[in-house]
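Biologist: Before I rely on any label attached to this chain, I would like to hear the reasoning behind it. Could you set each value against its cut-off and then conclude?

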Amino acid sequence: AVVSTQSTGKNRMSDLNVSSQQKADKPAIEENAFDALERDFQEVLGELMGDKSLERFRVEYEKLHKALKKSYEGEKRLTHKCRELNAEIVANAAKVSTALKLSQEDQGTIASLKKKKKKKKKKNKKQK
């Protein structure tokens, strides 16, 4: 999701937060499904250990399982990092929104002070 620098509305940020969080909360393989895969792997591996004719298959099966496990762990790590980064984006967006609001208020104050200065100059010219 992309955050527009033009939009300062809270709805935009909450939409970003919800959609990013929904995607980040759903790993490709749920924890309990992965546990079931792990149990199945151990069971199949046990069956393959006794059969020498399936040795090459067992070795490949172990390699595939190792790759799956590494991928799963990486996905969990990246999902956690996504959550952290999303929280940081939301916090920073709130800061940016506050800064923009203060900047707008400052611009209003500057305009008001310029008006007062101009009026005062005119008043001083009339007095001379």
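Modeller: What follows takes the labels in turn, and please keep in mind throughout that this is a predicted model.

Biologist: What makes up the chain, in terms of helices and strands?

Modeller: The chain contains three helices and zero strands, and along the sequence these give the pattern α-α-α. Of the contacts with a separation of 6 or more, 63% are between residues 24 or more positions apart.

Biologist: How much of the chain is buried, and what is its accessible surface?

Modeller: Buried residues account for 12% of the 128 residues, where buried requires under 20% relative accessible area. The accessible surface is about 10800 Å², and carbon and sulfur atoms contribute 56% of that surface.

Biologist: Why is R58 called buried?

Modeller: The relative accessible area of R58 is 10%, and the label applies under 20%, so R58 counts as buried. R58 lies in helix α3, and, leaving aside residues up to four places away in sequence, R58 touches L45, L48 and M49.

Biologist: How do you know that R58 and E55 form a salt bridge?

Modeller: The closest N and O atoms of R58 and E55 are 2.3 Å apart, and a salt bridge asks for a side-chain nitrogen of Lys or Arg within 4 Å of a carboxyl oxygen of Asp or Glu, so the pair qualifies. R58 and E55 are three residues apart in helix α3, which means that about one helical turn separates them. E55, with a relative accessible area of 27%, is partly exposed.

Biologist: What makes the pair E62 and R58 a salt bridge as well?

Modeller: The N to O distance there is 2.7 Å, which again satisfies the requirement of being within 4 Å. E62 and R58 are four residues apart in helix α3, and so about one helical turn lies between them. E62 is called partly exposed because its relative accessible area of 27% falls between the 20% limit for buried and the 50% limit for exposed.

Biologist: Which residues are joined into one network by salt bridges that share partners?

Modeller: Salt bridges with shared partners link E31, E73 and K76 into one network, and the whole structure holds five salt bridges.

Biologist: Why does the contact between K76 and E31 count as a salt bridge, and what does the pair tie together?

Modeller: In the pair K76 and E31 the closest N and O atoms are 3.9 Å apart, and the cut-off is within 4 Å, so the pair is accepted. K76 lies in helix α3 and E31 in helix α2 (residues 31-49), so the bridge ties together parts that are 45 residues apart in sequence. K76 has a relative accessible area of 33% and E31 one of 41%, and because partly exposed covers the range between 20% and 50%, both receive that label.

Biologist: Why is K117 called exposed, and where does K117 lie?

Modeller: K117 has a relative accessibility of 56%, and exposed means over 50%, so K117 earns the label. K117 lies in helix α3, which spans residues 55-127.

Biologist: Which residues form the positive surface patch?

Modeller: The positive surface patch is formed by K114, K117, K121 and K125. Patch members need over 30% relative accessible area and no salt bridge, and the 56% found for K117 satisfies the accessibility part of that rule.

Note on methods: Residues numbered from 1 in each chain as written. Predicted model: local features only at pLDDT ≥ 70, side-chain atom pairs only at ≥ 80, totals over all residues. Heavy atoms only, no water. Patch = residues over 30% accessible without salt bridge, like charges linked within 9 Å, V, L, I, M, F, W, Y side chains within 5 Å. Areas by Shrake-Rupley, 256 points an atom, 1.4 Å probe, with all protein chains shown as cover. Lys, Arg positive; Asp, Glu negative; His and termini not counted. Charge placed at Lys NZ, Arg CZ, Asp CG, Glu CD. Helix = DSSP H or I, 4+ residues; strand = E, 2+ residues; numbered from the N terminus. Buried < 20%, exposed > 50% of the residue type's maximum accessible area, 1.4 Å probe, protein only. Contact = heavy atoms within 4.5 Å.
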